[in-house]
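Colleague: I am new to this structure. Could we go through it together?

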Amino acid sequence: MRARLALRVSGVTYEHREVALKAKPEPMLVVSPKGTVPVLCLSTGEVLEQSLDIMRWALMHNDPERWLPCSPASWTVFNTTLDRLDGEFKADLDRYKYPQRFGLIDGLSHRTQGAVWLMALDTQLQSSAFLAGPTWGLLDACVAPFVRQFARTDRVWFEVQPWPHLVQWLAAFENSEAFVAVMRKHPLWVPPQV
Ligand SMILES: N[C@@H](CCC(=O)N[C@@H](CS)C(=O)NCC(=O)O)C(=O)O
């Protein structure tokens, strides 16, 4: 979702190949043996295998809504937040969503730990409309898909927590044109027969 959001706003043209993670096509594993999505194959032959690399690449080409942080200080905030998001928060999110996969009876302690960071995001959103500042930016696009997953695990619980700014920020994302566009279903890519 992150990569799709950035590719969309940048307006770069690309071919979207939808794959089933349960049956990854051989050509995908040839270009990217680690077997995660997204993967972007460039015409130069270079392969980008991390969503953030794809986002940066797209926005370096064209950043009409100025998503990229515009100062060294804002890059530092971005990098610090992303380390927390992709590290500790993602670990809590996965254990909250899928406790059985981690041998846990339930994910509630991880919900509590994840919620500490979400409260901090809510505090940030009290003083600025978006995480990136007065307008939506790269940081928002990176964080929103994970907060959405966390919220969807138990929406009723999420909505009644004392983080009204976060609830509003997430709702605005889910109601945006960009979200609707990137959620559009694509048919599975069928590799050409050789
Ligand atoms: N750090 C990577 C994470 C990519 C990742 O874990 N993607 C998941 C789907 S969201 C995946 O492909 N998992 C492999 C699988 O389920 O087989 C990135 O941001 O691109």
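Colleague: How do the residues of the shell around the ligand divide into nonpolar, polar and charged?

Modeller: The shell holds 3 nonpolar, 4 polar and 2 charged residues; Ala, Val, Leu, Ile, Met, Phe, Trp, Tyr, Cys and Pro count as nonpolar, Asp, Glu, Lys and Arg as charged, and the others, Gly among them, as polar. This is a predicted model, in which local features need pLDDT of at least 70, side-chain atom pairs count only at pLDDT 80 or more, and totals for chains, interfaces and linings use all residues. Residues are numbered from 1 along each chain as its sequence is written, and side-chain values use heavy atoms, with hydrogens and water left out.

Colleague: Which atom of the ligand lies 2.7 Å from glutamine 50?

Modeller: A nitrogen atom of the ligand is at that distance from a polar side-chain atom of glutamine 50. For serine 51, a side-chain N or O atom is 2.6 Å from an oxygen atom of the ligand.

Colleague: Turning to the rings, how many aromatic pairs are there?

Modeller: The structure holds 12 aromatic pairs (ring centres of Phe, Tyr and Trp, the last by its six-membered ring, within 6.5 Å; planes under 30 degrees apart are stacked, over 60 edge-to-face, the rest tilted). One of them is the stacked pair of tryptophan 136 and phenylalanine 173, with 5.5 Å centre to centre and 10° between the planes.

Colleague: Are those two buried or exposed?

Modeller: Tryptophan 136 and phenylalanine 173 are both buried, meaning under 20% relative accessible area, where exposed is over 50% and partly exposed in between (1.4 Å probe, protein chains only).

Terms used: A polar contact is a pair of N or O atoms within 3.5 Å; within protein, one must be able to donate a hydrogen and the other to accept it, and residues adjacent in sequence count only if both atoms are side-chain atoms.
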